[in-house]
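Biologist: Could you pull up the model for me? I'd like to ask how you back up the words you use.

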Amino acid sequence: MIERALRAMTERVTAVLFSLVLAACGEGVLLNPVGPKGSGGASSGAACTSWSLLPTTYPGGVEDYSVTAADFNGDGILDLAAANYYAGTVAVFLGLDGGLFGPPTTFTAGGTPSCIATGDFNGDGGIDIAVVNSNDNAVSILLGDGRGGFVQAPIRFAVGNDPVWVTEADFNEDGIPDLAVANSYDDTVSILLGTGAGRFAAQSPFLTGLGPNSVSVGDFNGDGHMDLAISDFGNVKGTGNTVSILLGTGTGAFGPATLLAVGEAPFFAAVADLNNDGLPDLAVTNNFTNTVSVLLGLGDGGFAPQTTFRLGARPTMLGAADFNGDGIPDLVATNAGDNTLSVLLGLGDGGFAPQLIVPTKGLGPYGLVVDDFNRDGHSDVAITDIESGDVTVFLDSCQ
Ligand SMILES: [Ca+2]
Ligand SMILES: [Ca+2]
Ligand SMILES: [Ca+2]
Ligand SMILES: [Ca+2]
């Protein structure tokens with residue numbers, strides 16, 4: 001099914017394809033979008049007098065679907081991991097000084113890995129990797145050695161039908177990381193509770209809208225328990241046009257889905273506080289309508305109706321961070337259909353200025369992760385290009 005989606009994208013088919021299911025991943029949790037993760041959260045200083053996103057491209061392998069950032073070798077510098085769908089591997093790029101990255105090392109990740117999440121699943125202090133194996137209805141765990149290497153025989157756990165996304169969080173509040181997996185064909189999200197030692201209990205499925213494509217996490221009703229925001233892209237049964245909100249109980253169980261209206265074929269729902277009121281909001285890429293829907297959180301689990309802003313063609317992933325240093329979260333999206341990024345500068349009230357368009361060097365920009373790779377206090381962007389098969393890192397030049 002994903003091969004079919006890739007062909008469709010390559011041919012620039014713009015018609016509604018009811019069987020189209022795309023998968024990519026990045027950060028599922030964007031609760032503190034302003035400023036670099038792990039360095040206190042706040043923006044570092046005054047607004048930039050000038051800024052731009054300066055790209056460096058790294059050949060990454062074959063059909064990189066998703067990219068995520070973590071410090072796999074424990075040197076204090078963020079590294080990148082990209083899922084190579086056709087090669088069945090994960091490519092790890094160790095971070096160097098100045099926001100540069102070394103050549104990739106690949107690790108076996110089982111068949112058709114399309115999405116990566118990270119966490120310390122066995123509690124040894126080293127960051128581990130979870131990937132969804134889309135065609136195998138499984139999640140594979142690659143245990144990290146804390147030095148940038150991974151055990152070569154992944155441990156597998158069954159999930160639902162056509163899994164396309166995995167996100168890590170502690171849903172039952174026992175201090176052990178758990179996983180949430182979007183099962184596109186089943187219209188469910190699987191919760192896998194971690195038992196420590198890199199193992200997970202059997203999945204518990206919860207119903208979502210049509211064809212869930214991403215899972216993000218936030219506390220939308222302020223009760224201290226993690227909730228889920230799921231973009232319902234659609235599947236063979238039809239195109240989706242909702243985001244599902246499932247409120248968590250803190251035990252690993254979730255209430256029934258509440259469906260929020262967005263655009264057509266929502267690819268990804270990011271969680272971030274976009275209007276600086278302390279409540280998590282949603283920003284959703286609508287893959288068929290070439291827009292982002294912004295839904296401001298009300299703090300009780302509900303959201304205001306969507307406001308939409310233009311993006312480029314066939315937007316996939318989205319990140320929130322302050323790129324121009326004014327302390328207000330901005331948005332960046334990958335536009336897979338026209339080889340660009342869209343940057344929308346935030347106005348502070350949940351509104352955004354018209355998009356700034358940044359060309360990508362690679363073809364088919366798809367996966368995205370936002371973090372501060374060169375540790376200068378300004379957020380940067382890393383993307384994957386599924387057609388040209390590379391990873392491009394855009395460093396924010398804010399001065
Ligand atoms: Ca590192
Ligand atoms: Ca747990
Ligand atoms: Ca909650
Ligand atoms: Ca800003």
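Modeller: Here are the reasons behind some of those words, starting with confidence.

Biologist: What makes you trust some parts of this chain, and how confident is the predictor on average?

Modeller: This is a predicted model, and the chain averages a pLDDT of 89. Of its residues, 88% score at least 70.

Biologist: Where does pLDDT stay under 50?

Modeller: Over residues 1-24, for one, where the model still has 54 contacts beyond four places in sequence. Residues 26-44 also have a pLDDT below 50, with 58 contacts beyond near neighbours in sequence. Where pLDDT is low, don't read the predicted coordinates in detail.

Biologist: OK, what is the chain built from?

Modeller: One helix and 30 strands. Buried residues make up 58% of the 399 residues.

Biologist: Why is A353 called exposed?

Modeller: Count its neighbours: A353 has 12 other C-beta atoms within 10 Å. The cut-off for exposed is 12 or fewer, so A353, with 12, counts as exposed.

Biologist: Where is A353 found?

Modeller: In the loop between β26 (340-344) and β27 (356-359).

Biologist: Which residues does A353 touch, leaving out those up to four places away in sequence?

Modeller: L344, L345 and L347. To be in contact, two residues need their C-beta atoms within 7 Å.

Biologist: And how far apart in space are A353 and R310?

Modeller: They are 9.9 Å apart, C-alpha to C-alpha, though 43 residues separate them in sequence.

Biologist: What share of the chain's contacts between residues at least 6 apart join residues at least 24 apart?

Modeller: That share is 52%.

Note on methods:
Residues are numbered from 1 along each chain as its sequence is written. Chains are lettered from A and ligands numbered from 1 in the order in which they are written. This is a predicted model: local features need pLDDT of at least 70, side-chain atom pairs count only at pLDDT 80 or more; totals for chains, interfaces and linings use all residues. Helices (H or I, at least four residues) and strands (E, at least two) are DSSP runs, numbered from the N terminus. A residue is buried if 20 or more other C-beta atoms lie within 10 Å of its own, exposed if 12 or fewer, and partly exposed in between; C-beta atoms are placed from the backbone. pLDDT is the predictor's confidence in each residue, from 0 to 100.
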